[in-house]
Amino acid sequence: KIANFLDHETAKIDTLIAKQQQLIQLLKEKRQAVISHAVTKGLNPDAPMRDSGVEWLGEVPAHWDVSSLGYYSSISSGATPDRSKSQYWGGDVPWVKTGEVKYDEINETEEQITSDGVANSAVTLSPPGTLLMAMYGQGVTRGRVALLGISATYNQACAAITPNGKIWNKYLRFFFMAAYHAIRDGGNETSQLNLNVDIVSKFKITIPEMTEQQAIVEFLGAELNSFDLLIDKSYSATLFMQERRTALISAAVTGKIDVRNWVSPDASNTANTPDTSDSTATTNSDAVA
């Protein structure tokens with residue numbers, strides 16, 4: 001009885017969990033699509049369009065420029081102070097690794113270096129607002145970007161992108177969120193698909209007017225916040241159902257739920273219908289309760 005009851009009830013919970021996981025995936029895909037549309041098509045659905053000449057971009061608003069990133073920004077890579085010199089490490093200068101480049105603003109780092117480490121290596125201390133791109137790394141790391149919220153140094157696997165006055169760093173962050181797969185496909189196959197400063201500088205970007213960039217950033221900030229709230233709610237619902245599943249199993253196998261009169265809804269109608277002539281008959285819901 002206990003086994004049959006748990007098979008039935010956990011199957012229902014598992015179905016609900018699977019549906020929540022599907023919803024989370026759909027929300028993430030829709031979130032990404034909203035970003036991509038905003039930075040490649042703009043916010044005006046009536047704007048005249050033209051072919052960008054870039055396969056993944058497709059058509060873009062006719063009044064937008066499309067050009068290489070290097071024409072609109074300076075790009076450099078970082079460095080790592082000598083690990084064998086303890087006096088270079090454990091200081092108060094933030095030092096970023098590619099694993100910390102996760103789209104969110106970077107306001108703290110796992111490791112810090114000293115002023116001696118800065119002075120005796122090729123590291124660069126970049127100001128807040130610098131856009132970092134992970135040029136290589138394990139799994140999903142390569143191609144991700146993040147803005148510095150603090151002054152920080154970074155390792156040689158990071159490209160530091162400093163836009164000029166015609167491109168806004170916050171817009172550029174959203175653009176590269178949309179371009180994630182395209183820029184990963186642009187890696188150098190001879191070096192395990194790693195990126196480098198030259199590849200990054202040649203990557204084609206869209207350049208709307210600054211007022212449009214600001215409008216896109218504002219629009220995406222509001223839209224993504226709504227998506228993130230829905231995704232968080234779905235994660236919370238999934239966690240609650242997983243906890244409910246565990247609690248249900250525990251309660252059933254320790255006798256806290258009386259399932260002796262439980263009948264599977266899949267059984268015949270006769271088996272599911274309690275004998276109403278007996279006032280002490282226990283319904284399924286009573287048994288579960």
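The expected span of a helix is 1.5 Å times one less than its number of residues. The views below are taken from a predicted model.

**View 1. Helix H1 and the residue that follows its end.** Helix H1 covers residues 2–41, 40 residues in total. From its first C-alpha to its last, H1 reaches 57 Å, close to the 58 Å expected at 1.5 Å a residue. Gly42, just after H1, takes a positive phi of about 80°.

**View 2. Surroundings of Val39 in helix H1.** Val39 has a relative accessible area of 0% and therefore counts as buried, the cut-off being under 20%. Not counting residues up to four places away in sequence, Val39 touches Trp64, Tyr171, Phe174, Phe175, Ala178, Thr206, Ile216 and Leu220. The C-alpha atoms of Val39 and Met177 are separated by 9.7 Å, although these residues lie 138 residues apart along the chain.

**View 3. Helix H3 and the largest nonpolar core.** The largest nonpolar core has 44 residues, of which Met133, Ile161, Phe175, Phe176 and Ile205 touch the most other members. Helix H3 (residues 169–178) gives the most to this core, with seven residues. H3 is mostly covered, and nine of its ten residues are buried. Those buried residues are Asn169, Tyr171, Leu172, Arg173, Phe174, Phe175, Phe176, Met177 and Ala178.

**View 4. Strand E7 with its partners E8 and E10.** In strand E7 (residues 131–134), Leu131 and Met133 point one way, while Leu132 and Ala134 point the other way. These four residues are all buried. E7 runs antiparallel to strand E8 (residues 145–147), to which three bridges join it. Four bridges join E7 to strand E10 (residues 158–163), again in the antiparallel sense. Met133 stands opposite Val145 in E8 and opposite Ala159 in E10.

**View 5. Contacts of Met133.** Leaving aside neighbours within four places in sequence, Met133 is in contact with Gly143, Arg144, Val145, Ala157, Cys158, Ala159, Ile161, Phe176, Ile183, Leu195 and Val200. Two of these, Ile161 and Phe176, are listed together with Met133 among the residues that touch the most other members of the largest nonpolar core.

**View 6. The open sheet E6-E5-E9.** Three strands form this open sheet, with mixed pairing. Strand E6 (111–113) and strand E9 (153–154) stand at the edges, each with a single partner strand, so one side of each is left without a neighbour in the sheet. Strand E5 (residues 89–96) pairs with E9 in the parallel sense over two bridges. Trp95 stands opposite Thr153 in E9.

**View 7. Glu111 in edge strand E6.** Glu111 has a relative accessible area of 19% and is therefore classed as buried, since the cut-off is under 20%. A polar contact of 3.3 Å joins the side chains of Glu111 and Lys97. Leaving aside neighbours within four places in sequence, Glu111 is in contact with Arg83, Trp89, Val93, Pro94, Trp95 and Lys97.

**View 8. Residues 268–289, where the pLDDT is below 50.** The mean pLDDT of the chain is 89, and 89% of its residues reach 70 or more. Over residues 268–289 the pLDDT is below 50, and this stretch has 19 contacts in the model beyond near neighbours in sequence. Where pLDDT is low, the predicted coordinates should not be read in detail.

Conventions
Residues numbered from 1 in each chain as written. Heavy atoms only, no water. Buried < 20%, exposed > 50% of the residue type's maximum accessible area, 1.4 Å probe, protein only. Pairing = 2+ DSSP bridges. Core = buried A, V, L, I, M, F, W, Y, C linked by side-chain atoms within 4.5 Å. Contact = heavy atoms within 4.5 Å. Polar contact = N/O pair within 3.5 Å; in protein donor to acceptor, adjacent residues only side chain to side chain. pLDDT = per-residue confidence, 0-100.
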